[in-house]
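Colleague: Before I use this model I would like the terms set against the values. Could you take me through them one at a time?

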Amino acid sequence: MQARKKYVLLGLCTCCWLLLFYWGGLQERLLALLTRRRGEVVRPWPDWLDRALLPGYAENAELQNGGGPGESPRQRRQAWASIYKNSHCRMDTCFDFGRCRGRDGFRVYVYPPEKGDRVSESYRKILASVAESRYYTSDPREACLFVLGIDTLDRDQLSTQFVPNVDERIRGYPLWNDGRNHVIFNLYSGTWPNYTEDLGFNVGQAILAKASLNTEHFRPGFDVSIPLFSKDHPQKGGERGWLLRNTVPPRRKYLLMFKGKRYLTGIGSDTRNALHHIHNGKDIVSLTTCKHGKDWEKHKDARCDHDNQEYERFDYQELLHNSTFCLVPRGRRLGSFRFLESLQAACIPVLLSNGWELPFSDVIQWNQAVIEGDERLLLQVPSTVRAVGVDRVLALRQRTQMLWEAYFSSVDKIVLTTLEIIKDRVYAHISRNKFMWNALPGGLVVLPEYSTHLAHYPFYYLNLGISPGQEFTAVIHAVSPLVSQSQPIMKLLQVVSKSKYCSQIIILWNSEKPPPHRSKWPPMPVPLVVTDGRRKVSTSSRFLPHVTIETEAVLSLDEDTVLLTSEVNFAFHVWQSFPERIVGYPPRSHFWDPVKKIWGYTSKWTNEYSIVLTGAAFYHRYYHYLFSHYLPPSLRALVDRTSNCEDILMNFLVSSVTHLPPIKVAQRKQYKDMPGPQSTNMAPWATPEHFNQRQDCVNTFASWFGYMPLVHSQLRLDPVLFKDHVSVLRKKYKDLERA
Amino acid sequence: MCASVKYSSRGPALIPRMKTKHRIYYITLFSVVLLGLIATGMFQFWPHSIESSPEWTLDRRSVHDAPLVKLPVSSPIPERGDLSCRMHTCFDVYRCGYNPKNRIKVYIYPLQRFVDEVGVPISSTGLSREYNDLLSAISDSDFYTDDVTRACLFVPSIDVLNQNSLRIRETAQALAMLPRWDKGMNHLLFNMLPGGPPDYNTALDVPRDRALLAGGGFSTWTYRQGYDVSIPVYSPLSAEVDLPEKQPGPRRYFILSSQTAIHREYRTELERLKEENGEALLLLDKCSNLSQGMASARKRCYKGQVYDYPQILQESSFCVVLRGARLGQATLSDVLQAGCVPVIMADSYILPFSEVLDWKRASVVIPEEKLPEMYTILKSIPHRQVEEMQRQARWFWEAYFRSMKAIGLTTLQIINDRIYPYAARTYEEWNNPPVVKWSSVSNPLFLPLIPPRSPGFTAVVLTYDRVESLFRVITEISKVPSLAKLLVVWNNQNKSPPEESLWPKIAVPLRVVRTKENKLSNRFFPFDEIETEAVLAIDDDIIMLTSDELQFGYEVWREFPDRLVGYPGRLHLWDHEMGKWKYESEWTNEVSMVLTGAAFYHKYFNYLYTYKMPGDIKNWVDAHMNCEDIAMNFLVANITGKAPIKVCISYLLACINKFASVFGTMPLKVVEHRADPVLYKDDFPEKLKSFPNIGSL
């Protein structure tokens, strides 16, 4: 019995197995069935038998023909100009490029304010920023862009700052031309209850630089969305971001916070009225109050009293500091102050503002700095932010700071960014790419006229995976006439030209006498160029972007600098590791004088420094260009007038770009500048007058920058075996130790 | 199978009596099994539900077997596309919902052949090869779902790639007939050739309600930014001709124009440029007198001379892509494939995938009006940049233009990025060619910060059982002013740490962490007890460092918080056999590593070391009980691209080779400098120096 049972079973199994085999493909299908049951499907779009026979979607000839030549381009352009106006404006149709021709084509004119005009604090700052920018012109004939003198920031008819009759007034402007080439700044539009985008006057073909822009009304590539900023927003400089250190894990006390008004009715109430749902009192704090407006008690609901009470318990500033994410929901309008506030506070904004065209959306990649939520998915926000990983929080947070400092921390930056965006559109083929806008140090200090090539800038080597070039150009600033072959400059020429990294030497001849004949200069293994700078003798000319400089590295030298070849080589090596900074020898320092309430400048030997003198320093040649084109003429004029401070200004410039101190490298003792603190030897650069001038410079520069960009450092970079107790023979830079 | 086993197990109860019965039983059983198997088979081929998989899904069939659907004349027509549509108004996000993978689910409607009442199909071509490729690619991808209820995005199988082959009204009706159409919500249409003669609209003319449109040839007035996706016009030549990648560099011609249908006005302008600049320009046109049988699409002519197209594109640095009646031109794809930098002159054109691709790095866009200035504009671009652009152009083609698959999946990825913006791909991921991705770094601590001094640092001492030496180290370190906390990692599981009373009394908190296993990696664990950013990793036998030296190390770290800051090797090399400090003979002038026997670094690197270390390095280190410091150096150099500050000798070649193979490159950077205090060994009163007690060894 038992055997038979087994026999039967065995037989059956064999049969089944054979049958299955006979059916061939079945196993495969069974497998497919099994996998399918588990959820995923394998290849559901059929693999057609006649796939190869399917027709192409278009004939090759048709594709290459591109639809034929089409209508006459000239006629089309004319037709466009008449069709695509007002809400369909684009640069092609509503902007007069002809006004922006020429080398310095991009000029901005500000209409003078009329008598009796009240201009709000914020608008006054905007106008001042335009007027101080390097694009400003007082001559409307050479202007490419026009900014109204009428305050158009607040177009809420209920507001006290509302300016009536704008329509009539702008039509009176002879240059208005239906708004072509005009920029209109606006922060608030529309009023209760709808808060429409309407400005209350006909904008025509003018470019709108507006806060809270809606994607539907935004004319892409034409309008500029700007952030909403308060009237206390600083004109210049601005506060730095609040992020001081990257703590790991990057979580703060609260995960997500919101503190603000709850709208019970009207536009925006959908979102604001739901925010309290995600409040859990522990790591998510979402506080709302009904107390706003005159008649809040009329609309009051059951939650109000409890919410209002809870609302008072938390301090907004404290929450900003202690929260990882900050909800930035729409208010009545799409943008709100809390956007910039949380950006500055390094509290990653979680946006709930559907349809908001984010500030400077043309150029900024916001998804790397904020979490773009969806008002409809409010209840998913907690799980979304919880799922954001450590790395991403760290990156988002740093990105908020980068953007804040590059584009938003002052009215100046906001206005300049707006102008630069428009300028990039006007000169599209010499404009910044997205990378330049989004990488450190930000688009404002990247001047595309210098180059559109990323590798030509000192900031992007690591991002591109390349290293700076292996050569440098020495630029020697000569002021005294050549009388003997034993002058320091001769020695210097020899020392520098001996460096294997030196590719050429440029002498800026700034002496009153004409430059000596070529034969007077010693023979050298590298090309020597003598630039006669006598026609415009100026101290800042040493930082002109000479076209002859072909290498990335520049070694700036004074004629009386005493150096060794190995010192030069070592400093150049260090510069290659820090191509975005100034690498030099003699240090100086600045300090805050609390008594006089001014910045002080010192050349005393101290344990820290914030400036290295450019009498002997390496830096990237791009800084020459920035010095000449980014800084305002007023500062360069100050340098020329006093024949002083150009090195301080250069240090200000570089530190403002990098936010980092310069780098001092090891030097031998006999550098000209080494007399001890109690030296009696008064060289011209050591006179008290000269010194006071420098102190004044520091303060003038700091006020132009709006803050003190210089940063202190306590260290010096020395060769690895510098002054170590090892055999001199082992040391590569042994000369540096010879006193 | 299951069924048969079930029967057979019942079987024996019936068997006992007769042999004939036995046989009959056998036959019955067999037929039952057979029937069962047939049933299983049938079950498989039969549709589970009408929507999810039609009966012919798994068979190889012809397109002509697709079911025929007759459109009633009166069937509804969708509204024309709404220009104000945006994701938040016309797209139903609830369908996509929250999903841990952050990936949208895409459903493809099964193929149907739509005909009107008299039986004429709605499209002259039906399903095209390209659209079929696109749909197969989607169905093979992770985006695909066959479950219509779980889908977030729907792709109709109605081919609308080329508007010219469509009957507009009927196509619209067919769309509206789709079972989940619902005003076009969450439906995605792919169209490459929009408009028709004579005025050529720049978007598909088929009324489509709220459906998203992936279109080739949008103008700024028809493109709904953030809603539609601009896609390339696919060039089938890419599949026909294999153009190998050409090294970037100068080419025979500077500017090449290869299009055949250029408007007269522009051709005149181009010819004028050619006159001015001669050989640098090559203006090709159709061949008028080609012998029969030669594909005219593959030839171009200039003054009787015949050139092969698209091969000739590789001979030029820049290639003109002018608009025709249509904005989108298939030539763009050919030009990119050839690694020629496109000079795009098509005012108002929305470039393909412009939402994510940075075209300024791969092309030159010139307003049509400025055509006469083209030569000057192009000449002003630096050579190195042109080379970069050539490389970038080719990379765009390879990644995003090459096939219908690439085009389709890129489109879905862009929509995916919009729906899950917090998981969106970055600019670098979209735009950096592989060679740059490989060699570049994205420093996780990229913000230039000099952290404040006040929080101080946490010293982490890894120890096994050298208690005496450990206590000396603790006493020494406790003198450092910026020390915030001392953490002892007790790596000995067999022995308990000394009693609390025996530990040295120090001013800062001292914590002892006992580990579960004796692993070297424990020293790099991101313990919660480490509350500061700065970590000082120090061995339990490093007693040679003065308090000034440690404090200065911390100051240096503050200025370089994204680097390893270590001390020279001589301080580490304790010779256990000889019981004395070994003064190494391997002094070198170069630095590429610092040893972590005493080094400052950011706590984030602990996190990276523990959780993000590539390959099996961590296990390798734990198994070999060695080289953890070298692994750390590799990790930091690889992720920041920066050299450490100050150094020691690279003494263990075996690990270096191993790690270099895992990282795939040698990330270590060699430098020749080290950091010293500003007044180090300067002739200056010692008492005025911040760190007088340095280098006194």
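Colleague: What does helix 16 of chain B lie across, and at what angle does the helix run to strand 22 of chain B?
Modeller: Helix 16 (residues 603-611) lies across strand 18 (534-539) and strand 22 of chain B. Contact means heavy atoms within 4.5 Å. The angle to strand 22 of chain B is about 90°, on a scale from 0 to 180 degrees between N-to-C directions, with axes fitted to C-alpha atoms, for helices over the stretch in contact. Helices (H or I, at least four residues) and strands (E, at least two) are DSSP runs, numbered from the N terminus.

Colleague: On what numbering and cut-offs does this rest?
Modeller: Residues count from 1 along each chain as its sequence is written, and chains are lettered from A and ligands numbered from 1 in the order in which they are written. This is a predicted model, where local features need pLDDT of at least 70 and side-chain atom pairs pLDDT 80 or more, totals for chains, interfaces and linings use all residues, and side-chain values use heavy atoms, without hydrogens and water.

Colleague: Which sheet holds strand 22 of chain B, and what is the strand order?
Modeller: An open sheet of six strands, ordered 17-16-15-18-22-19 in chain B, with mixed pairing. Strand 17 (510-514) and strand 19 (565-566) of chain B are its edge strands, each pairing on one side only.

Colleague: How do you know that strand 19 and strand 22 of chain B count as a pair?
Modeller: Pairing requires at least two bridges found by DSSP. Two bridges join strand 19 to strand 22 (residues 598-602) of chain B, in the antiparallel sense, so the requirement is met. One of the partnerships is Val565(B) with Phe600(B) in strand 22 of chain B.

Colleague: Why are strand 9 and strand 14 of chain B said to stand at the edges?
Modeller: Their open sheet has five strands in the order 9-8-12-13-14 of chain B, paired in parallel. Strand 9 (281-283) and strand 14 (364-365) of chain B each have a single partner strand, so one side of each lacks a neighbour in the sheet. Strand 14 of chain B pairs with strand 13 (residues 341-345) of chain B over two bridges, and Ile344(B) stands opposite Val365(B).

Colleague: Which helices lie across this sheet?
Modeller: Helix 7 (residues 264-277) of chain B lies across strand 8 (253-257), strand 9 and strand 12 (316-322), at about 145° to strand 9 of chain B. Helix 10 (residues 383-401) of chain B lies across strand 12, strand 13 and strand 14, at about 85° to strand 13 of chain B.

Colleague: What makes Asp391(A) and Lys612(B) a salt bridge?
Modeller: The rule asks for a side-chain nitrogen of Lys or Arg within 4 Å of a carboxyl oxygen of Asp or Glu. Asp391(A) and Lys612(B) meet at 3.1 Å, N to O, so they qualify. The rule finds five salt bridges across the interface of chain A and chain B; over all chains the structure holds 56.

Colleague: What does the salt bridge of Asp117(A) and Arg169(A) tie together?
Modeller: The two side chains meet at 2.9 Å. Asp117(A) lies in the loop between strand 1 (108-110) and helix 6 (121-132) of chain A and Arg169(A) in helix 7 (residues 166-171) of chain A, so the pair ties together parts 52 residues apart in sequence.

Colleague: How many residues of chain A and chain B are in contact?
Modeller: Chain A contributes 148 residues, in contact with 162 residues of chain B.
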